Amino acid sequence: MRQSHLYTKTRKEAPKDEASKNAILLTRAGFIHKEMAGAYTFLPLGLRVLRKIEDIVRRHMDTVGTEILMTTLSPEENWKNTNRLDTVDVLMRTGPANEVSKQKSSNSYIINPTHEDMITPIAKEYIQSYKDLPAAFYQIQTKFRNEARAKSGLLRGREFRMKDLYSFHKDQDDLMRYYEAMKPVYMNIYRDIGIADDTFITVASGGDFTPNFSHEFQTLVDVGEDTIYLDRANRIAYNKEVVNDETAQKLGVDFSTMEQVSACEVGNIFPLDTKYTEVLDYTYSDHDGLKKYPYMGCYGIGPSRVMGVIVEKFADEKGLVWPAAVAPFSVHLISLAKEKDSEAGKLAEELYAKLTESHVEVLFDDRDESAGAKFADSDLIGIPMRVVVSEKSIEKGGVEIKERTSDTSEIVTVEQLLKTYTPNCE
RNA sequence: CGGAGUGUGGUGUAACGGCUAACAUGCUUGGUUUGGGACCAAGUGACUCUGGGUUCGAAUCCCAGCACUCCGACCA
């Protein structure tokens, strides 16, 4: 993509209405645009990163479930049926008709914060036999929660992206087998994204969901909202909310030997058991002909929050630093040619064409800006590899390459560059 | 939801209760420049968040509301 077609601009100054590192840098670099507290538009660069993250999540979820897309709106009835209409205090709903809306209808609809209340009736309609179990559905979409205090940029929004998967099982054993199998699947996602080293499976309270423990995936980061007790050697952690004598005894662990660290929750899994299937009177016919309640689990990951966590973890004083797997582009090609039809100008165009043809994701800075401005923007945007084409680089024998995280650059020939990025060609 | 703070051109800031609301940046035009956010010149752009009040006079003081930020509570 040509940088002139991004339409966004970088800024030198931090926005005055943001304080968190992720929001400041993503705004300065033109990845996101704030609409209100906790709600951001994803601009071209930001959307590319979000998609990369969601594609990784999708690839792994496809191995354990089937993708669907549920509605953003739901009737209040679904929430009445699960007795959650008055108990979930983050529920958002559309208003009745008013001066702005000329419609006569006084209906209001729930704007879904999560989808247990939606998926369970769907499963009830289609999954009625033990032969259909287990079953697992997932989706990636925007969720809405009326957070009392949205904060920290992408880390806690009123509107945010979420992957939610729901599984149904014939009994608790099958649920727990699936539940346990989900842990390595999640860790593989964090590995592919590039944050696995600092991400720990964390024992947490199941909240109102379950009398059992649930598990969170917590990534170490200073601005994290959670405090976890970390057993680094065994790569397991305990959310502070469950750290007490009772838990210590129950799990046979000694919290006093663990380090306390700040972390951000990048995923969670809950064994729901029959909480929702019972209240919705959802049964299946078992082998023995008896009607039984399916056991449920739910499993979440917030791609937009993960994006914020990545920024918090890797950004440096010059700007964003993206792990290769989620970077908006692989290569930032910068032309310092004085004239478009100069030798350097032509070479830059040629490289852009060849790399793009070979499906290398290239952001081509074809703007008429000074070298300093282009370098500063490149550092701010944080693409893993910078390739500079100029009269000077040609004089030295080719193009200059520099990794975003490196302080030094080197000159490689055009052939070497193409060989690196298009190994299949020639 | 409790507490604290902040609202001024697109962006970031300044302005004692008193002159035509200033500076930087951005944007436009012309010229010069070209390896770490270049320079010169001329332009463009703000009912100072909203509504009340105090005052001869309010961006500035007071009240209310709204928005945003931070701390806490909350976080299926």
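Student: In this predicted model, which helix gives the most residues to the largest nonpolar core?
Tutor: The largest nonpolar core has 94 residues, and those with the most contacts inside it are Ile53, Val331, Leu333 and Val387. Among the helices, the one that gives the most to this core spans residues 172–193 and supplies eight residues, and it is helix α5.

Student: Which tyrosine does Val331 touch, once residues up to four places away in sequence are not counted?
Tutor: Val331 belongs to the group with the most contacts inside the core. Its partners include Leu355, Val360, Val362, Ile383, Met385 and Val387, and the tyrosine that completes this list is Tyr421.

Student: In the open sheet of three strands, which residue of β6 stands opposite Leu73?
Tutor: The order of this sheet is β4-β6-β5, with antiparallel pairing, and its edge strands, β4 (73–74) and β5 (92–93), each pair on one side only. Two bridges join β4 to β6, which covers residues 110–111. Opposite Leu73 in β6 stands Ile111.

Student: Why does Ala196, in the loop between α5 and β9, fall into its exposure class, and what is that class?
Tutor: A residue is buried if 20 or more other C-beta atoms lie within 10 Å of its own, and exposed if 12 or fewer do. Because Ala196 has 16 C-beta neighbours inside 10 Å, its class is partly exposed.

Student: How far apart in space are Ala196 and Thr219, C-alpha to C-alpha?
Tutor: Leaving aside neighbours within four places in sequence, Ala196 is in contact with Met187, Tyr190 and Arg191. Thr219 is 23 residues away from Ala196 in sequence, and the C-alpha to C-alpha separation of the two in space is 8.0 Å.

Technical notes
Residues are numbered from 1 along each chain as its sequence is written. Chains are lettered from A and ligands numbered from 1 in the order in which they are written. This is a predicted model: local features need pLDDT of at least 70, side-chain atom pairs count only at pLDDT 80 or more; totals for chains, interfaces and linings use all residues. A nonpolar core is a set of buried Ala, Val, Leu, Ile, Met, Phe, Trp, Tyr and Cys residues joined through C-beta atoms within 7 Å. Helices (H or I, at least four residues) and strands (E, at least two) are DSSP runs, numbered from the N terminus. Two residues are in contact if their C-beta atoms, placed from the backbone, lie within 7 Å. Two strands pair if DSSP finds at least two bridges between them.
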